[in-house]
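Colleague: Hi! I'm new to this one, could you walk me through it?
Modeller: Happy to, let's look at it together.

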Amino acid sequence: MIERILRDLSSMGYRVAVAKHVHHGDFAVDVKGKDTWRYARAGAKVVAAVSAAKLFVARVLEGYPELDEVLGILAKDVDLVLMEGFRHMAGQRAGVHKIVVARSVEEAEELLQGLSGPVIGVYGDLRAASVGGVKVCGYGELLKAILGIVERVRSR
C-alpha cells in the first residue's frame, strides 16, 4: 500500500517522506528488498526507520522518540509524511489521518480498537462495506482522500 501510494504521489509531483516503525532494535536499512530500500525506489524523498534503539538517519536512542520529534525530522521540504506502524504513537492522535490495512474483518476490528479519528478508511479484500463504522475503501478512494487532505493543508 505504501509503495503504491508513494509511486502515485511522486509521479504527480508530490514530495513524500516515509517513516517505518521497526519492532526490533537492531535493523539494517537500504538493504535490497527491505521496506526502506523499496520505499526509496518508489519515490520517497525521505525514508526513516524507527525502533526503540535506533532512528535511521543514524541517531542512537534510549527509547522511542516523541511523534513530534519524528515528524519534525521528516517533514522538512516534503508535502506529506506517510507512516507505517506507529499505532501506539499516532493511534490516539487526532491530527493524524489513519488508514487501516487488514487481511480480514476480524483483523480490521482489532486494529480499529483504540484508534481515534480521523480514520480515512479500511483497506483490504474484506467483502464488507464497513467495519466498526468505518468504510471499506478501494485504493482509488483512499488516494483521492489523501490528495484532498494534502490540498486542504497546502491551501491554509
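Modeller: One term before we start: two strands pair if DSSP finds at least two bridges between them. Also keep in mind that this is a predicted model.

Colleague: Okay. How do β6 and β7 pair, and over how many bridges?
Modeller: Strand β6, residues 98-101, and strand β7, residues 119-123, run in the parallel sense and share four bridges. I99 has G121 of β7 opposite.

Colleague: What does the chain pass through on the way from β6 to β7?
Modeller: Helix α5, residues 105-112, and the resulting β-α-β crossover is right-handed.

Colleague: Let's switch to β1. Which strands does β1 pair with?
Modeller: β5 is a parallel partner, with five bridges, and β2 is also parallel to β1, again over five bridges. To find them on screen, look for V18, whose bridge partner in β5 is L82, and for H21, whose bridge partner in β2 is V50.

Colleague: Is β1 mostly covered or uncovered?
Modeller: Mostly covered, with six of its six residues buried.

Colleague: And which way do the residues of β1 point?
Modeller: V16, V18 and K20 point one way, while A17, A19 and H21 point the other way, and all of them are buried. In a regular strand, side chains alternate between the two faces of the sheet.

Colleague: Now helix α3. Which of its residues are buried?
Modeller: In α3, residues 67-74, the buried ones are L67, V70 and L74.

Colleague: Why do they line one face of the helix?
Modeller: Because, looking down the axis of α3, the buried residues fall within an arc of 65 degrees. Their cover includes β1, β2, β5 and α4, the last being residues 87-90.

Colleague: What about the largest nonpolar core, how many residues does it have?
Modeller: That core has 18 residues, and L6, L9, V18 and L82 have the most contacts inside it. At least two residues each come from α1, β1, α2, β5 and α6. The largest share is from α6, which gives five residues.

Colleague: You mentioned L9. What does L9 touch?
Modeller: Leaving out residues up to four places away in sequence, L9 touches Y14, V16, L80, L143, I146 and L147.

Colleague: And how many residues are in the other core?
Modeller: Eleven, and this core lies apart from the largest one. Among its residues are A19, V50, L74 and V96.

Conventions
Residues numbered from 1 in each chain as written. Predicted model: local features only at pLDDT ≥ 70, side-chain atom pairs only at ≥ 80, totals over all residues. Heavy atoms only, no water. Buried < 20%, exposed > 50% of the residue type's maximum accessible area, 1.4 Å probe, protein only. Arc of directions from axis to C-beta. Contact = heavy atoms within 4.5 Å. Right-handed = clockwise from strand over helix to strand, strands pointing away. Core = buried A, V, L, I, M, F, W, Y, C linked by side-chain atoms within 4.5 Å.
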